[in-house]
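Dear colleague,

Please find below the structure that I am handing over to you. My findings follow directly after it.

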Amino acid sequence: MTRKEPVVEEFDEKDLRVGKRPKDWAAGIPGVYYSMKPAIEHMGVERTLRTVLKMNHKDGFDCPSCAWPDPDKRKTFEFCENGAKAVTWEAAPVIISSDFWAEHSISELRERSEFWLGMQGRLVEPVYKPAGEDHYRPVSWDEAFEIVGSKLKSLDSPDEAAFYTSGRTSNEAAFLYQLFVRGFGTNNLPDCSNMCHESSGWAMGQTIGIGKATVTFDDYENADLIIVMGQNPGTNHPRMLTELENCKRNGGQIVAVNPLPEAALKRYKNPQKVRGVAGKGTEIADQFLQVRLGGDMALLQAVSKRVFEAEAKNPGTVLDHAFLEEHCEGLDELRDYLLKLDETTVLEATGLRSEEIDELAARYIASEKVIITWAMGITQQKKGVATIKEMINLLLLRGNMGKPGAGASPIRGHSNVQGDRTMGIWEQMPPTFMDALGKEFGFEPPREHGADAVETIKRMRDGEIKAFVALGGNLVSAISDTQVAEKAFENTDMTVQISIKLNRSHLITGKEALILPCKGRTEIDRQETGEQFVSVEDTVCAVHPSWGSVEPVSDNLLSEPAIISRLARATIDGKIDADWAGFEKDYDLIRDHIANVVEGCEDYNRKIRQEGGFILPNGPRDSRTFNTPTGKAVLTVNDLEYLERPEGTLILQSLRAHDQWNTTIYSHNDRYRGIHKGRHVVFINPEDIRELGLKDGQNVDIHGVYDDGIDRVVRAFRVVSYPTARGCAAAYYPEANVLVPLDRVAQGSNTPISKQIIVRFEPSSHTAPTEHDVAATAPAPKPEPDGFTGADTTPAKVAEAANA
């Protein structure tokens, strides 16, 4: 039964507690407890069983959390702690009633935290904020679509609108959305990938011709060596730990490369096995390299240099000459460059000892099957694209591509962000996709590249984009330079959010604003032709169906495909040859069009109904073929650059707490790092605390250090003595986003560099956390040139292959 519960109280962090030391193991019985306790409390026993026991099963729904793949043989409890929390957050039968909007002004709600907003319950009716007013008011669905359609049709150009997409969106909804947007006449399709794995897509597209993982699910347990870089699987994709454990049980080794020691990469207690419940569990990392922020590129180059040196000492025994000769280009240029690599520079950049790098190189050379896997700790660096190219270099040198147990594996944080890109959610889709789309629907799609997430904020700020529509997500909190982003949103004529629950992006609005509530992935989707399912693509290119398992919290909710279809009918009906009404009634019609447009999705309706779905083709993985201009994988030369910090500063990275999924906050705890009842903390090495004249436990204001005349600052953050890499610090996302200038982006991918923020600290006069602050204003600086180094300047045809 749907219910309205009392409003939760805000946390003021006066009771913030810091443990004596971070945990050195993850999961176990506590993982089960913290999964099931909130689920049963908020959903009840019956709804809990109907959701968590159906999650990731072949006749159930795909986890709305991360994109970790599913095994062929699935366990009863095929979910993790964060997955259970995500389901509880979505499926708890608590709703926001109509009187909420009259009781709470938008100005009042803006003072609330993301946690409080999310805990108010599900959105169940469209609401509208007219220009000049400070309250939303309920409206009918017909009225809502008329308001949006009229505004979009009134724009002087389709490029005056932008259409954002979250990675939770299904393949069917994503395909319809991009069709609607391109039928409207623009390629302004920013998405969450712009802020997370865009660097992966560009680097891999330009070197191996595809921006996706070149491994299968089974490769993980069969690898001799897995190098885990810039990620914390215990919090962000916990089911990965089982495959790391399987790798160890099969004799494989794990190396962790990260500025912070993470509990899950030390030891894993698998709650589905006796040794994980009654025993000590499994030690995961055989070697931990505590790299300095931004030092990953230097580390990878140093290991590749050692591979070349080992080959020189024992010719014909280290490099995979047959693979390199048949499938690769650029070997001589790379060898010449790396053999001149300066060891002193490497050690300064990485903060490591030569012996540690020697050990990693020895492990790599001794292994026949190697996987390198990474996440946003790499992609959100200024040289993120070049760093991933160095991973590809290292893998190619010994033929670790296109064979079992080996390959490149970016780990996607959103559940279907990869599927969205496959379906056309990208501002730069290649001509082959656009040709097929235009032919299928009888129109000429726009060809000029559109705006990504950062560019969208800039154009909104400058008045060039006047209408913003978001299919899920919380862009205003997720993007960098928070105050600039908020002012950009407020500078628009209209903002429209298609959402499940309330978040800050609903409160930082244009002159007019609408919220359109939608069904969640956990909920049964009934349409005129019967019960529908959707499909998603995981991080290893597997596409499978997803069926809702519980009744929607309200009969008034529409599905994402239904909302998109009705928006299209209100805006571009008759402009292209699309059966919008039919798409809403029967999702098979959508999949029939996907089969004709999207490469690899031929006969989609039949293949998606196969047990377990199907795997999309992947040239490097399947046949060692590479969609590059020469048909060969490209070994690239990338000039080494690392971030030097001025005296009295540290390099800060933003990261998630354990009870968090992107900007969604489940609680104010991070038990693995020992933080309870608070989030406004900054983790600093104890030696750096002493050198900076700070004290463990004191409150500080954190200032970004840039030369643009703007003092970006967050106030009253508690200093926490923590074993970070020297010279490095960490704070939670999205609170730290205000410190990242909008123009500070990764070269080539335009991704905000949230892992390389230069900051200084001042004792705080505030005793409690305050909202972010900008102490001075100045004209926006000119962005740095978006250039590539070395072999980054590959032909345009390679760029088209990125994320193909």
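Leu225 has Val370 as its bridge partner in β12. Please note that this pairing, like everything below, is taken from a predicted model. On β7, the bridge partner of Leu225 is Gln253. The strand β6 covers residues 225-229. Five bridges connect β6 to β12, and the two strands run parallel. β6 and β7 are likewise joined in the parallel sense, over five bridges.

These pairings belong to an open sheet of five strands, arranged in the order β10-β7-β6-β12-β13 with parallel pairing. Its edge strands are β10 (287-289) and β13 (407-410), each of which pairs on one side only. On average, neighbouring strands of the sheet are turned by 15° against each other, if direction is ignored. As a general point, the strands of a sheet pair through backbone hydrogen bonds, in either a parallel or an antiparallel manner.

Towards one edge, β7 (residues 253-257) is joined to β10 by three bridges, and these strands run parallel. Two residue pairs illustrate this connection: Val255 has Gln287 in β10 as its bridge partner, and Ala256 stands opposite Phe288 in β10. Towards the other edge, β12 and β13 pair in the parallel sense over four bridges. Here Ile372 has Ala408 in β13 as its bridge partner.

How enclosed are the strands β12 and β7? Five of the five residues of β12 are buried, so this strand is largely enclosed by the rest of the structure. In a regular strand, side chains alternate between the two faces of the sheet. Both faces of β12 are covered: Val370, Ile372 and Trp374 are buried on one side, and Ile371 and Thr373 are buried on the other. For β7, four of the five residues are buried, so it too is largely enclosed by the rest of the structure.

A helix also packs on this sheet. Helix α17 (residues 354-366) lies across β6, β7, β10 and β12 (370-374), and it runs at about 130° to β10.

Two further sites may be of interest to you. The first concerns Asp420, which lies in helix α20 (residues 417-422). Is Asp420 buried or exposed? Its relative accessibility is 2%, and because buried means under 20%, Asp420 counts as buried. Apart from its neighbours within four places in sequence, Asp420 is in contact with Thr165, Ser166, Gly167, Thr169, Ser170, Asn171, Ala174 and Ile425. By contrast, Asp435 is 15 residues from Asp420 along the chain, and the C-alpha atoms of these two residues are separated by 19 Å.

The second site is on the surface. Ile40, Val45 and Leu49 make a nonpolar surface patch of about 260 Å². Leu49 lies in helix α1, which spans residues 28-52. With a relative accessibility of 45%, Leu49 counts as partly exposed, because that class lies between the 20% limit for buried and the 50% limit for exposed.

With kind regards

Technical notes: Residues are numbered from 1 along each chain as its sequence is written. This is a predicted model: local features need pLDDT of at least 70, side-chain atom pairs count only at pLDDT 80 or more; totals for chains, interfaces and linings use all residues. Side-chain values use heavy atoms; hydrogens and water are left out. Buried means under 20% relative accessible area, exposed over 50%, partly exposed in between (1.4 Å probe, protein chains only). Contact means heavy atoms within 4.5 Å. Patches are made of residues with over 30% relative accessible area and no salt bridge: like charges are joined within 9 Å, nonpolar side chains (Val, Leu, Ile, Met, Phe, Trp, Tyr) within 5 Å. Accessible areas come from the Shrake-Rupley method with a 1.4 Å probe; for residues, only the protein chains shown count as cover. A salt bridge is a side-chain nitrogen of Lys or Arg within 4 Å of a carboxyl oxygen of Asp or Glu. Two strands pair if DSSP finds at least two bridges between them. Axes are lines fitted to C-alpha atoms, for helices over the stretch in contact, and angles run from 0 to 180 degrees between N-to-C directions.
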